[in-house]
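Got the viewer open? Let's take a walk through this one, a selection at a time.

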Amino acid sequence: MVAYVSECKALNIPYIFDPSQQTIRLSPEDLIEGLTGCYLLAVNEYELSMIRDKTQLSDLDIIKRVGALLITLGKRGSIIHVDDESYNIPVVTPDKIVDPTGAGDAFRGGL
């Protein structure tokens, strides 16, 4: 993940930084490097709180470093912060819930 960030930056390729389950394993420096200048930081609420704790960056500090910040909120949908605006993304009501495991991953994959 760290190598891809470096490669994208060196080649001037826009990238989405989605540290997901690796957030806990990445150093504060790697997290800051990954999110700084990314096209989009995609996280859930818990991952965002871990990034805040590990990097000591505030939400505003993070938003200033990224192109956009997408936070998934589980059954409450998502919110995206871009260009000094915030947009709520409502959840799509399913016909039937069989197993919600991986729904956030599927959302991010589609993104």
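Start by selecting D83, which sits in the loop between β4 and β5 (85-89). Keep in mind as you click around that this is a predicted model. Check the backbone here: the phi of D83 is near 50°, a positive value in a residue that isn't glycine. Is D83 buried or exposed? Exposed, with a relative accessible area of 64%.

For a second stop on the same theme, jump to S20, in the loop between β1 (16-17) and α2. S20 isn't a glycine either, yet has a positive phi of about 30°. Turn on the surface and you'll find S20 covered: its relative accessibility is 14%, so it counts as buried, the cut-off being under 20%.

Now the sheet. Select residues 68-72, strand β3. Five of its five residues are buried, so color them as covered. Show the side chains and look along the strand: A68, L70 and T72 point one way, while L69 and I71 point the other. That is what a regular strand does, with side chains alternating between the two faces of the sheet.

Which strands pair with β3? Add residues 40-44, strand β2, and you'll see a parallel pairing with β3 over four bridges. Zoom in on A42, which stands opposite L70 of β3. Then add β4 (residues 78-82), which runs antiparallel to β3 and is joined to it by five bridges. Here A68 has V82 as its bridge partner. Follow the chain around the hairpin from β3 to β4: five residues lie between the strands, and one of them to click is G74, with a positive phi near 60°.

Last stop: helix α3, residues 45-55. Highlight E47, L48, M50, I51 and T55, which are buried. They sit on the same side of α3, because they cover an arc of only 160° around the axis. Spin the helix around to the face turned away from that buried side, and you'll meet the exposed residues Y46 and D53.

What covers the buried residues of α3? Among the elements to switch on are α2 (28-35), β2, α4 (59-65), β3 and α5 (103-110).

Finish at the helix ends. At the N-terminal end, N44 acts as a cap on α3, with a side-chain oxygen 3.0 Å from the backbone nitrogen of Y46. Just after α3, select Q56, which takes a positive phi of about 65°.

Definitions and conventions. Residues numbered from 1 in each chain as written. Predicted model: local features only at pLDDT ≥ 70, side-chain atom pairs only at ≥ 80, totals over all residues. Heavy atoms only, no water. Buried < 20%, exposed > 50% of the residue type's maximum accessible area, 1.4 Å probe, protein only. Helix = DSSP H or I, 4+ residues; strand = E, 2+ residues; numbered from the N terminus. Pairing = 2+ DSSP bridges. Arc of directions from axis to C-beta. Contact = heavy atoms within 4.5 Å. Polar contact = N/O pair within 3.5 Å; in protein donor to acceptor, adjacent residues only side chain to side chain.
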